[in-house]
Amino acid sequence: WQTPFNNCGSPIAKKPIDSLSNGDLAGEPSSYVGTFKGQDISGKDALVWRRGPNNVWNIVSDIWNNDK
């Protein structure tokens, strides 16, 4: 997800707010700040991770919302 933002502005800086896990699922809410097409942006997002074969964690859901 980072590459499209890098092409339009600054890298997005994410700061985890919390982390939750239960077996093969985990959640990671965070806040983010950056610049996109010359505009400062900030907001919150939440990733859902699932542990797959060979103990590899994969993102299965990513939702976000701008503060503005």
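**Note on the predicted structure**

1. Of the 68 residues in the chain, 15% count as buried. The model under review is a predicted one. The surface that the chain exposes comes to about 5,000 Å², and carbon and sulfur atoms supply 54% of that area.

2. The chain holds one helix and five strands. Read from the N terminus on, the order of these elements is α-β-β-β-β-β. Among contacts in the chain with a separation of 6 or more, 26% are accounted for by residues 24 or more positions apart.

3. Strand β3, residues 25-36, is a convenient place to begin with the strand pairing. Strand β1 (residues 13-16) runs antiparallel to β3 and is joined to it by four bridges. Within this pairing, Lys15 stands opposite Ser31 of β3. Strand β2 (residues 20-22) also pairs with β3 in the antiparallel sense, over three bridges. Here Leu20 has Gly27 of β3 as its bridge partner.

4. β2 and β3 make up a hairpin that has two residues between the strands. In its turn, Gly23 has a positive phi of about 65°. Asp24 also lies in the loop between β2 and β3, and its contacts are taken up in point 8.

5. The pairing continues from β3 to β4, two antiparallel strands joined by twelve bridges. Strand β4 covers residues 39-51. Thr35 has Asp40 of β4 as its bridge partner. The hairpin of β3 and β4 has two residues between the strands, and in it Lys37 takes a positive phi near 50°.

6. Strand β4 is in turn joined to β5 by nine bridges, and these two strands run antiparallel. Gly43 stands opposite Asn66 in β5. The hairpin of β4 and β5 has five residues between the strands, with Asn54 taking a positive phi near 60°.

7. How many salt bridges does the count give? The count comes to three. In one of them, the side chains of Asp45 and Lys14 meet at 2.9 Å, N to O. Because Asp45 lies in strand β4 and Lys14 in strand β1, the pair ties together parts that are 31 residues apart in sequence. Asp45 is buried, its relative accessible area being 9%; Lys14, at 28% relative accessibility, counts as partly exposed.

8. The side chains of Asp24 and Arg51 also meet in a salt bridge, at 3.0 Å from N to O. Since Asp24 lies in the loop between β2 and β3 while Arg51 lies in strand β4, the pair ties together parts that are 27 residues apart in sequence. Asp24 is partly exposed, with a relative accessible area of 43%, and Arg51 is likewise partly exposed, with a value of 27%. Which residues is Asp24 in contact with, leaving aside its neighbours within four places in sequence? They are Trp49, Arg50, Arg51 and Trp57. Asp24 and Trp57 are 33 residues apart in sequence, and their C-alpha atoms are 8.5 Å apart in space.

9. A further salt bridge is formed by Lys44 and Asp67, whose closest N and O atoms are 4.0 Å apart. Lys44 lies in strand β4 and Asp67 in the segment after β5 (57-66), so the pair ties together parts that are 23 residues apart in sequence. Both side chains belong to partly exposed residues: Lys44 has a relative accessible area of 44%, and Asp67 one of 48%.

10. The surface also carries a nonpolar patch formed by Leu25, Val48 and Val60, with about 210 Å² of accessible area together. Val48 is found in strand β4. Is Val48 buried or partly exposed? Val48 counts as partly exposed because its relative accessibility is 33%.

11. Strand β4 recurs throughout these points. This strand pairs with β3 over twelve bridges and with β5 over nine. Asp45 of β4 meets Lys14 of β1, Arg51 of β4 meets Asp24 of the loop between β2 and β3, and Lys44 of β4 meets Asp67 of the segment after β5.

Technical notes
Residues are numbered from 1 along each chain as its sequence is written. This is a predicted model: local features need pLDDT of at least 70, side-chain atom pairs count only at pLDDT 80 or more; totals for chains, interfaces and linings use all residues. Side-chain values use heavy atoms; hydrogens and water are left out. Patches are made of residues with over 30% relative accessible area and no salt bridge: like charges are joined within 9 Å, nonpolar side chains (Val, Leu, Ile, Met, Phe, Trp, Tyr) within 5 Å. Accessible areas come from the Shrake-Rupley method with a 1.4 Å probe; for residues, only the protein chains shown count as cover. Buried means under 20% relative accessible area, exposed over 50%, partly exposed in between (1.4 Å probe, protein chains only). Two strands pair if DSSP finds at least two bridges between them. Contact means heavy atoms within 4.5 Å.
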